[in-house]
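Could you walk me through this structure? I have it open in my viewer and would like to know what to select next and what I'll find there.

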Amino acid sequence: MALLEAIGISKTYPGGVVANDGVNLVVESGEVHAVVGENGAGKSTLMKILFGIEQPNAGALMLDGKPVRFANPREAIEAGIGMVFQHFSLVPSFSVYENVVLGSEPRSGIRFERHKAIAEVKAISDRFRLSVDPMPAVMTLPVGQQQRVEILKALYRNARILILDEPTAVLAPQEVQELFVAIRSLVAQGKTVIFIAHKLPEVLEISDTITVMRQGKTVGQVKAKEVTEKSLAAMMVGREVTLRVERKATDQSQRVAEIEGLRVVNARGTEVVAGLDLNVHAGEVVGLVGVEGNGQAETLEAVAGLRAIAAGTIRIADKDATAMSVLDRRALGLASIPEDRIARGLATGATVAENLVATRLNETRYVRNGLLDLKAIKANALQLIERFSIRVGGPASTVDTLSGGNMQKVVVARELAEQPKLLLVNQPTRGVDLGATQFIWRTITDARDAGAAVLLSSADLGELLALSDRLLVLYRGRIVAAFVNTPDLTPETLGTYMLGLSTQTADEMKAALR
Amino acid sequence: MTELFLTVFSAAFFVTIIRTTTPLLLATMGGLVADLSGALNVALEGMMLIGCLTAVIVSVYAPWYVAVGAGLGAGALLGLVMAFFSFRLKADIILVGFAINILAAGGTVFALALATGGDKGTSINLQSKAVPSVDLSFLDAIPGVGPVLTAFLSGHSVLSWIAAFIVFAVWYFLFRTPWGLWLRGVGEYPAAPEAAGIPVNKVRTWSLIVSGALAGLGGAQLAMFNYVGFTRDMTAGRGFIALGAVLLGARHPVGALIAALLFGAFEALAVVMPGLFNEAPAELIRMIPFIVTIAALILFSVRAQRALALRGVK
Amino acid sequence: MSSISGTNKSSRWSAVRKEIGRAGGALLISLIVTFVIVLLTSKDPLGAFEQLLTQLPQKTRTFGYWIDDVAKLTITGLAFSLVFQARQFSMGVQGQVYIGALAATYVALSPLGASWAGIPLGIAAAMLAGAVYGFLPGIAKAKLGANEIVSSLMLNYVAIELCNFLVRTNLPKPQAGVLTTNDFPDSAVFPMLVDKTRIDLGLILAIVAVLVVWFAVYRTSWGLKLRLVGHNARFAEYSGIKSTFIMVSAMTASGALGGLLGSMFVQGQTYGKLTVLFEGNLAFEGILVAIVARSRPLAVPIVALFYGYLRQGAQLMNIRTDVPAEVIGVVTAIIILLVSSSYSLAFLKRLFRRGVATAPTPAAAAGAAK
């Protein structure tokens with residue numbers, strides 16, 4: 001009998017996005033069960049349903065052969081299910097042991113028994129080979145250790161089944177190996193691990209059974225021993241051919257962005273971009289490849305002028321932009337589509353027309369002597385609504401009356417209203433359905449064809465390979481490999497560099513680092 | 001000038017400081033509990049004021065301890081109202097706080113006029129009771145230090161002793177009980193306790209109730225010991241000074257105690273100065289807590305920023 | 001949210017209608033609660049309510065009280081609207097009123113006050129002083145990260161105590177011991193617009209202020225930036241808007257309005273001199289006006305008309321019946337609580353139907369799972 005079973009799970013979000021469509025999952029006791037699929041395949045939604053965060057519209061869950069229903073995470077926890085998210089839920093100033101026991105503290109009377117808590121945390125971490133010092137505040141710990149604290153939290157609550165949501169996305173390779181040691185020790189002691197991932201080598205290394213998801217459906221369940229990376233990849237993407245975008249030949253001789261010796265230090269004082277040199281030319285897309293958190297996002301923010309840099313120079317269109325304000329950079333022809341388009345790229349309470357001119361308030365077209373030219377602002381909005389076919393009541397409707405996809409279009413319309421010289425794009429299709437993906441890819445490619453220099457970052461290797469002319473692999477804030485994009489270039493090749501397993505020599509990179 | 005020094009270093013002045021500090025300290029503890037749970041309780045002022053009036057009116061008909069309990073209960077009730085509107089009805093907690101302050105400013109005068117038959121200024125024609133003071137004159141018997149001990153320790157309000165205990169209780173609760181851990185977790189990063197199954201809004205609601213209860217208790221001390229009877233607007237900004245004391249005390253019970261004592265000392269000074277000098281600038285002395293609070297606010301903010309800078313953030 | 005179909009004008013009107021409905025509902029609920037209180041406490045509850053609701057326009061004098069109050073409520077409402085638009089909770093209008101009044105008083109009681117410059121210079125000095133006083137918490141927040149709510153509240157008390165101190169010691173007064181200054185010379189007192197009423201130049205200033213603030217917020221790029229910062233400060237930063245500058249300038253402009261209100265108090269027909277605690281907690285009433293008006297400048301005077309009517313009606317009720325005027329504080333608090341919350345009539349219905357002791361709602365459970 002299976003330990004945990006999901007039968008015919010369907011979930012449609014308000015707004016009509018079908019995240020799960022008749023999903024089946026059978027997890028046996030004592031195994032590492034991987035759930036793989038591309039971004040947006042519905043893995044996370046399924047896990048949220050298993051953990052009681054989301055309620056399915058249809059289908060059933062069976063635990064130990066008995067039907068169960070979790071109205072909230074608390075009920076899932078009580079049933080012995082623990083979950084570790086990509087974003088940790090830890091109180092930063094609390095110590096490790098305080099975070100672990102928070103919510104089910106050992107107590108005598110009204111007193112919180114600290115010593116007992118510390119001892120228990122120590123015991124669990126020894127038993128499962130998750131060595132963490134219980135005393136320091138979690139905010140002082142590296143990410144890998146914080147993840148262990150999350151795992152300890154679940155174990156402390158006697159989780160039998162542990163769900164790890166893309167646990168390796170935030171880890172360095174060394175930490176990944178340590179995590180795998182811990183997972184093996186967990187399974188050896190009778191725990192069951194559900195492991196969400198999209199990196200196939202890792203999946204094959206750690207798991208016993210693999211369930212493959214694609215576009216909200218389960219494609220199949222296989223034994224890890226019986227598949228290869230290739231056959232698994234084929235199951236994940238369905239067809240061997242991924243979407244390719246028609247591109248024109250462009251003149252790529254003119255250098256638009258020159259970044260030299262860029263260093264960025266984050267709020268914790270760690271160097272996240274460590275001496276980056278790169279150029280982007282008119283008419284080309286340069287893809288930044290890397291496991292998330294290796295400096296891609298920070299590089300884009302630094303170029304956009306949204307993040308202070310520790311050292312280096314940034315030249316845009318032959319002007320030194322290092323010390324320029326956001327607006328001055330934009331005046332040079334910079335446009336940027338941020339990762340979190342709704343939270344960062346829109347003022348949802350303001351009107352569509354206002355959002356469409358927000359980045360151009362220094363232009364005399366829309367503002368003269370500090371006064372708004374309402375006619376011009378409205379005309380601009382009408383024109384862009386038409387051109388990008390945004391479905392909206394009118395220019396004076398507030399953005400929050402739009403559907404999610406149309407909100408995204410407002411951002412794209414504003415940034416591409418005029419042909420940019422340098423376009424920065426971060427995760428353009430994260431959380432976007434297939435139709436919108438095609439629209440966004442087309443838009444980026446059109447900008448490139450018309451002569452924009454595009455710097456693109458994405459967690460989706462397929463996307464990077466489809467759109468980029470050149471690919472630069474970032475590892476710990478440095479470029480470790482550079483490629484001119486050819487049909488021969490495979491995700492596997494990029495993968496070894498992304499994980500820092502190998503590094504190209506300066507000579508090897510030279511051709512692709514022009 | 002010598003007169004001033006003699007006054008300041010006298011036992012009587014110490015007793016005055018304790019008296020002026022007590023209401024402030026209770027409100028400060030209330031502010032601290034709310035602040036650590038993540039809510040800036042700007043309604044302390046209104047809660048205190050309603051606590052004052054409730055205690056005075058109830059004391060006309062009931063023993064003093066019932067009146068004190070009523071003041072405490074009134075504050076707790078206001079905390080519950082505040083929680084209901086801000087957590088259940090999603091109103092901004094600052095606006096809810098000011099609504100309570102406005103309700104208190106008008107409502108107390110209205111209720112006072114009803115209770116006194118038309119007097120909107122004071123409750124002078126109500127026979128309200130006082131909180132008894134604790135007589136420790138038996139300490140005189142201790143040879144040597146006895147008289148000194150009596151001079152310093154005797155004559156404080158019962159509520160002053162209770163307030164001292166409350167400082168300890170709040171500290172113990174925050175740092176030695178599981179619920180204190182919950183409360184601090186909710187205030188710092190609510191997603192974490194939420195993920196651990198802690199009912200975050202319930203924790204917040206209880207902290208506002210306790211916050212209100214402590215402010216109401218402070219009001220009872222103010223209207224049944226510092227002054228006996230109610231005067232309109234008698235809290236005179238003490239609720240806001242308490243907010244300042246929380247900040248100045250670095251959001252820790254002991255720090256808050258010291259800050260409240262400091263502010264209490266200024267108030268005591270403002271009380272005794274006019275008796276010593278004709279043109280004593282009592283107004284300027286009353287201003288000091290507010291200015292010190294602004295200075296503390298800026299100091300802590302600068303320190304927090306510098307700490308970030310030290311870690312290499314530009 | 002409203003549907004995206006339909007013409008855009010009609011959807012905007014339906015939103016406005018919804019706001020008016022909510023505000024009207026809140027007013028009605030608060031009046032019902034007040035009526036119940038009056039019913040329980042007054043010998044003549046109907047008479048009291050008649051005074052509250054019908055008597056104000058009957059006499060020129062009382063009509064004047066109303067309009068004077070509306071002018072002042074409008075200014076404080078505008079001051080709060082400006083900071084609320086930027087999503088700053090600066091509570092400093094009260095302090096700005098006192099500081100502005102002090103500045104106006106020093107001008108009015110100086111030789112300049114006796115000249116033609118008494119009025120314009122008094123207003124200018126008050127606005128300047130208020131602006132500085134509004135600037136302080138703004139810059140402290142922008143440069144040092146100091147919480148603007150706390151610092152502005154503290155500055156209120158500093159201003160009040162400073163005013164008390166200066167009136168008692170420094171400013172000329174008719175006789176020792178009184179806590180008011182000498183009357184201002186006529187040349188420094190706002191002229192009456194309607195004979196034998198308090199309606200004075202302040203009304204015109206309020207109308208001008210409404211138009212200026214509306215224009216600044218909806219017709220200038222500063223105003224658009226202000227609104228964008230208020231909607232989403234991260235987006236504003238991404239768009240290249242200097243959000244700290246916008247924030248500080250909004251708090252400074254709001255301070256100037258607070259200062260203007262100070263001058264309207266002491267230079268107006270009501271006082272014509274500076275006296276301690278002259279402001280009677282009117283400044284904080286701007287919170288209600290701004291919230292009900294949803295921080296929209298053109299809606300501010302309309303809300304002020306209604307609210308001023310209640311306030312002054314309450315004064316009549318106070319004088320002529322046994323119900324104290326302060327009962328209106330209940331109305332104010334209930335309106336703020338309801339309008340600033342997500343209350344709706346449907347919610348209230350549900351609440352009453354289910355009673356108090358209920359299990360957690362599905363909504364609350366879903367909230368806990370987030």
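Here is a short tour of two chains, one stop at a time. Keep in mind that this is a predicted model.

**Stop 1: chain C.** Select chain C and show it as a cartoon: you'll find 15 helices and zero strands. Chain C has 370 residues, and 54% of them count as buried. If you look at contacts between residues at least 6 apart in the sequence of chain C, 76% of them join residues at least 24 apart.

**Stop 2: the domains of chain A.** Now switch to chain A and colour its domains. Domain 1 covers 4-237, domain 2 is made of 242-333 + 420-514, and domain 3 takes in 346-418. Between the C-alpha centres of domain 1 and domain 2 of chain A there is a distance of 32 Å.

**Stop 3: a sheet in chain A.** Next, pick out strands 14, 13, 16 and 17 of chain A, which line up in that order as an open sheet with antiparallel pairing. Which strands stand at the edges? They are strand 14 (271-281) and strand 17 (319-320) of chain A; each has a single partner strand, so one side of each has no neighbour in the sheet.

Zoom in on strand 16 (residues 311-316) of chain A, which is joined to strand 17 of chain A by two bridges, the two running antiparallel. Show side chains here and you'll see Arg315(A) opposite Asp320(A), which belongs to strand 17 of chain A.

**Last stop: a helix on the sheet.** Select helix 9 (residues 296-304) of chain A, which packs on the sheet and touches strand 13 (255-265), strand 14 and strand 16 of chain A. The directions of helix 9 and strand 13 of chain A make an angle of about 115 degrees.

Note on methods: Residues numbered from 1 in each chain as written. Chains lettered and ligands numbered in written order. Predicted model: local features only at pLDDT ≥ 70, side-chain atom pairs only at ≥ 80, totals over all residues. Helix = DSSP H or I, 4+ residues; strand = E, 2+ residues; numbered from the N terminus. Buried ≥ 20, exposed ≤ 12 C-beta atoms within 10 Å, placed from the backbone. Contact = placed C-beta atoms within 7 Å. Domains from an automatic or database assignment. Pairing = 2+ DSSP bridges. Axes fitted to C-alpha atoms, helices over the stretch in contact; angles between N-to-C directions.
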